[in-house]
Amino acid sequence: MERNEIKDRVLKVIAEVLDTEASLIGEDDNFVFDLGADSMQSLQLVAGFEEEFGIEMDEDKALEVQTVGSAVDFIAQYV
Amino acid sequence: MPNRSALHQENLEKIFNPSSVAVIGANTKKGTVPFDILYSILSGEFNGLILPVSPGKKHIAGIKAFKYVTDIDDPIDLGVIVFPSTVANLALEQCGQKGVKSVIIISAGFREVGEKGAEREKQLLEIAGKYGISFIGPNCLGLINTDPAVRLNASFARQMPAAGNIGFLSQSGALCTAVLDYAHAKGIGFSKFVSFGNKADISEIDLLYYLMRDEKTRVILLYLEEVTDGRALMQAARDIREQSGKPVLAIKSGRTQEGASAAASHTGSLAGSDDICEAAFEQAGIIRCEHIEEMFNIATAFAYAPIPESNRVAIITNAGGPGVLTTDAAVRQGLQLARFSEETTKALKKALPNTANIQNPVDVIGDATADRYEAAMEAAFRDENVDGVFVILTPQSMTDIDAIALQVVEAAKKFNKPVYTSFMGETDVASGIRILQQNNIPHYILPESMAKAFSTTCHFGQLLRRKAGKTDGATPASGRLKATAILQHAAEEGFNYLQEYEAVELLKEYGLPAPEGALATSEEEAARLVQTAGFPVVMKIQSRDVMHKVDVGGVVLNIQTEAEARAAYQAIMSSVSAKLPEARIQGVYVARQIPEGEEVILGLKRDPAFGPVILFGLGGIFVEIYKDVSLRVAPLTREEAMDMVRKIKAYPLLAGARGRRPRDVGSIVDAILRLSQLAMAHPEIRELDINPLIVRDEGEGCFAADVKILIK
């Protein structure tokens, strides 16, 4: 899967979980510091990514991912 | 103080007295720390601007929220970071960019969780250093300033405490909430209340100096779980006492966590970390408390009443039994029952019924009204022989409890002497106690607590009046150089202790008395040396491979002739060679045997928090059984050295008990001071034992009969 496709789908999940617009989200954005994700939303994001891509990720490592760009790269390892 | 400490003092001003506070990482979820902190500030009626920073939120609790702290146009005095630890560094970086110099980091997940957290804490310090930021925390509950001009509750404590003059600093956040609840029930107010958590940047030392200057604070309370810089803590307590007259009360937890590691010296074994902490606190005038209740019992005495001039108390009671109990408690705490002047006795006789006891303790009898209490208090307060008054009340059917409480309040206002109260019971006396508490009259459930509080304030008063002594002068440079050379030589040879002849030589460089002696490397030399030393002599094996000389037959005492000396030399050599064939032997140390005297121990140990610690006590082979020792942190003043000697239980033996001639106590004090100099000059000495130090009669000095020096 192309990186751009992964990124678009990641942004879609983030926009849904954090109730924001995909166009307002940048690759360098930190989930907590820039997008305001709390601990519950972080778990929802991991679950959302797994469902979107039909994958099962290492949850501890997934929760350590801090930025949108890193999340795209992390998911790319599984798809 | 170093520059960073000076910066902290400047930045603490805005931490405690901000005009605007940004809560960075706030959210809208009730019951979470980020929300509760914001809510505490709001409900505490903060007298300034509140600015929530919360990405993704336009407003919180009706207040406009900002995405970043850098988006705020107004100047920000204080930043309170409640973001998770993983992004606290980003928040602090932005505080730096915005010019916020004063920060509290509430977030947990730093040093306390391990290596990754420690790394995050290090990052915070780097950012703080780069921007000139000072921060409290991380991993803390926050702080409270009750000053009506500020009213800042930047914490997740459930309620804002009442305003008062007690400053409270705590390393534990959870304990803070319990203390606030306890104090609320007792009607105790605070000036400042701080949880400092991991103390990564601003430490308890910085906070102590801030409270020293804080006009609203009269008493400082400290709860510590670890002492990081014991010497700075001691200095802070001394500075606070000398410059502001404020007492520092401390609870240091972890008394029972004494390490069980085997010590190589008696001093190492006798001076445990909590013993050292206890001694250091006492030396610095820090009042160590056992528990929260005791701490507040004493704190309220300092906070509400004047410090007594001396320890003479008058007891006024409406029942004989409680009067006796209070007398017992007072005497146990080292207080004296005041002897009333003739004038006082006359006044009491005139005011009280014939059945009353007009001697101290004064019994105003069970049917006493407020008038009788008033007359008794008036007479006692006016007496020059009375330094403080204890008012005891038991609730009898004719006792007007509230009226008597109000009378105590009036008397306390009228006279500049302390009055402490104990209204005994619970339900019946509750309203009277409330009157006392509302009017800042120290009240105690138990006479024992009352007497302890009075005794403590009295002792602190003595410290305030005592002029600070000076530590004894430095060692002559030549002595220091020679001693360093001896220590270096042993270290270069790869050994972690000195041989006795080296140790004795080192002691002598510091003027510590040891008998004349020298190293003999042959029987002939030993025979010659005994003539010079003078009989009787003692001979000891000198080998880096022999730590315990007696165990290998390496010591012969009481040698009276040259022939005995030759035989002793041979005996030592053959015994050591037989028991330790591989031992490298330097020779035999020959020294004059010290005549009899009292055996004491002098020692030195290095503590990670307090540095060099001096030990003195009853010596000899039973030193670890009697454990009759005193400890002090070096350097020492002459008064402190004298206190060490007087403090041991066996002191009367040295002072000349039961008709014995007094020993040379002055020479012990000199020896302690010289050991203190040696301790300060040679950090490479890890532990040192002089055991026994034999103390001769007055004027005849003391001598180190055996010495062990362990080096790093």
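Reader: Which residues in helix α12 of chain B are buried, and what makes them count as buried?

Author: In this predicted model, B:Thr344, B:Ala347 and B:Leu348 are the buried residues of helix α12 (residues 342-351) of chain B. A residue earns that word if 20 or more other C-beta atoms lie within 10 Å of its own, and therefore B:Thr344, B:Ala347 and B:Leu348, being called buried, each meet that cut-off.

Reader: How do you know on which side of α12(B) they lie?

Author: B:Thr344, B:Ala347 and B:Leu348 cover an arc of only 100° around the axis, and so they are on the same side of α12(B). An α-helix has 3.6 residues a turn, so residues three or four places apart point the same way. These buried residues pack against β17 (362-363) and α13 (370-382) of chain B, whereas B:Glu342, B:Glu343, B:Lys349 and B:Lys350, on the other side of α12(B), are exposed.

Reader: Why are β2 and β7 of chain B said to stand at the edges of their sheet?

Author: The open sheet has five strands in the order β2-β1-β5-β6-β7 (chain B), with parallel pairing. Because β2 (49-53) and β7 (134-136) of chain B each have a single partner strand, one side of each is left without a neighbour in the sheet, and they are therefore edge strands.

Reader: What makes β1 and β5 of chain B a pair?

Author: Two strands pair if at least two bridges are found between them; β1 (residues 20-24) and β5 (residues 78-81) of chain B have four bridges in the parallel sense, and therefore they count as a pair. In β5(B), B:Leu78 is the bridge partner of B:Val21.

Note on methods: Residues are numbered from 1 along each chain as its sequence is written. Chains are lettered from A and ligands numbered from 1 in the order in which they are written. This is a predicted model: local features need pLDDT of at least 70, side-chain atom pairs count only at pLDDT 80 or more; totals for chains, interfaces and linings use all residues. A residue is buried if 20 or more other C-beta atoms lie within 10 Å of its own, exposed if 12 or fewer, and partly exposed in between; C-beta atoms are placed from the backbone. Helices (H or I, at least four residues) and strands (E, at least two) are DSSP runs, numbered from the N terminus. The arc is that of the directions from the helix axis to the C-beta atoms. Two residues are in contact if their C-beta atoms, placed from the backbone, lie within 7 Å.
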